[in-house]
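Take a moment to look over the sequence and the model before reading on. The paragraphs below go through it one part at a time.

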Amino acid sequence: MCRVLAYIGPELPIDSLLLEPENSLINQTLDPELHPLLQLAGWGFAGWSAHLLKPEEPFRYRRPMAAFYDDNAEGIIPSLQASTLLAHVRAAAYDANTVLADENCHPFSFTNTPWIMAQNGALSNWTLLQRELLSHCKDEYLQKMRGTTDTEFLYVLLLSLLEGDSDDDVQHGFEKMLKVVLAAMKKLDLVELTKLKMALVAPNRIIGVNYGAGHQGETDVSGDWRELRESGDGTDDAALSMLLEPMYLLTGRNFEHYEKSYDIDVTPVEEATAAIFASEPLTEENDDWLNIEFGEMLALEKSDSGITSTVRQLNV
């Protein structure tokens, strides 16, 4: 699967999030701790900064090559800072059917919505499922779609299903999206394991979801993901382990005081000024990270008084 990182907190240089740490997101392209494959199909980042000429709009950079080969990264990234950031490295099948293009790199960002999105996951047979799912998609978002990935189509579908931008609205949108996807799978006899591990980000907000369905379309999936992973690449159990693996949250203060690492003065979220949501723990102290388990939605928001966080059980 892909790797994703989202940040909210004090405005800081984004090279401290993407370049400098030993296990930075770019280095995870070569050596992700919790995934066996290299991430070679592209990468990108997007975010907001008060110092942009248009601070209300996200800046975005995407490139369809392995991040460690990107000769622009060290020229562009040190000139940028952000208070909200979403970054992603893309994994894809190692074959010629994979389309490497800017349009297929995350994060995805459309005008007329506050939300940008990236994910680690996959919706199998999504091009065929469109026969049933297009009826749920609004033209205003379909017209903005440029690439050939399941994630961009899911972005279109989710935006079309949202009735507002509150945490409740977003939760209901995610729940409805999985329900219509599973209904389409069953109708077209295309039921397969579905991994939807998404980060939906707006200024000073992160929504993280870790959900999907098992091999038979079931949503009440259970098991020890580490034990299942031992079955080896390519097995049904290994695929199930990817579904059940947590996402991770770190909260604290003074992140900007620690050079070349993701270390932070760890605090409970009610005392925190910064938060990182990621595909895997990024510090050596794994116990500092809160697990966002399968079936859960994390909602983070930063205000002048600090960060609020809720973890909700999705109803699907």
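What follows starts with a sheet and the helices on it, then turns to cysteines, a threonine in a loop, and salt bridges.

The model is a predicted one. Begin with the open sheet, which is built from six strands. Going across it, the order is β5-β6-β7-β8-β13-β14, and the pairing is antiparallel. Which strands stand at the edges? They are β5, residues 108–109, and β14, residues 306–313. Each of these has a single partner strand, so one side of each has no neighbour in the sheet.

The partner of β5 is worth finding in the model. Strand β6, residues 116–122, pairs with β5 in the antiparallel sense, over two bridges. To see one residue pair, look at F108, whose bridge partner in β6 is M117. Helix α6, residues 150–161, packs on the sheet and touches β5, β6 and β7, the last of these being residues 194–202. The direction of α6 makes about 125° with that of β6. Another helix, α9, spans residues 236–244 and lies across β7 and β8. Strand β8 covers residues 205–213, and α9 runs at about 25° to β7.

Next come the cysteines. A disulfide is a covalent bond between the sulfur atoms of two cysteines. How many disulfides does the model have? The count comes to zero. Two of the cysteines can be placed by their accessibility. C105 has a relative accessible area of 0%, so C105 is buried. C137 also counts as buried, because its relative accessibility is 9%, and the cut-off for buried is under 20%.

Now move to a loop. T267 sits in the loop between β10, residues 265–266, and β11, residues 274–278. Is T267 buried or exposed? With a relative accessible area of 13%, T267 is buried. Leaving aside residues up to four places away in sequence, T267 touches T251, G252, R253 and A272. With A272 there is a polar contact: the side chain of T267 reaches the backbone nitrogen of A272 at 3.4 Å.

The last topic is charge. Side chains of opposite charge can pair when their charged atoms come close. The structure holds seven salt bridges. One of them joins D71 and R63, with the closest N and O atoms 2.9 Å apart. D71 counts as exposed at 63% relative accessibility, while R63 is partly exposed at 22%. This pair belongs to a network of salt bridges that links R63, D70 and D71.

Another salt bridge is formed by E132 and K187, and here the closest N and O atoms are 3.4 Å apart. E132 lies in helix α4, residues 126–133, and K187 in helix α7, residues 167–187, so the pair ties together parts that are 55 residues apart in sequence. E132 is partly exposed, with a relative accessible area of 24%, whereas K187 is exposed, with 61%.

Helix α7 also takes part in a salt bridge between D168 and R312, in which N and O are 2.6 Å apart. Why does this pair tie together parts that are 144 residues apart in sequence? The reason is that D168 lies in helix α7 and R312 in strand β14. D168 is partly exposed, with a relative accessible area of 40%. This brings the reader back to the sheet, where β14 is one of the edge strands.

Note on methods:
Residues are numbered from 1 along each chain as its sequence is written. This is a predicted model: local features need pLDDT of at least 70, side-chain atom pairs count only at pLDDT 80 or more; totals for chains, interfaces and linings use all residues. Side-chain values use heavy atoms; hydrogens and water are left out. Two strands pair if DSSP finds at least two bridges between them. Helices (H or I, at least four residues) and strands (E, at least two) are DSSP runs, numbered from the N terminus. Contact means heavy atoms within 4.5 Å. Axes are lines fitted to C-alpha atoms, for helices over the stretch in contact, and angles run from 0 to 180 degrees between N-to-C directions. A disulfide is a pair of cysteine sulfur atoms within 2.5 Å. Buried means under 20% relative accessible area, exposed over 50%, partly exposed in between (1.4 Å probe, protein chains only). A polar contact is a pair of N or O atoms within 3.5 Å; within protein, one must be able to donate a hydrogen and the other to accept it, and residues adjacent in sequence count only if both atoms are side-chain atoms. A salt bridge is a side-chain nitrogen of Lys or Arg within 4 Å of a carboxyl oxygen of Asp or Glu.
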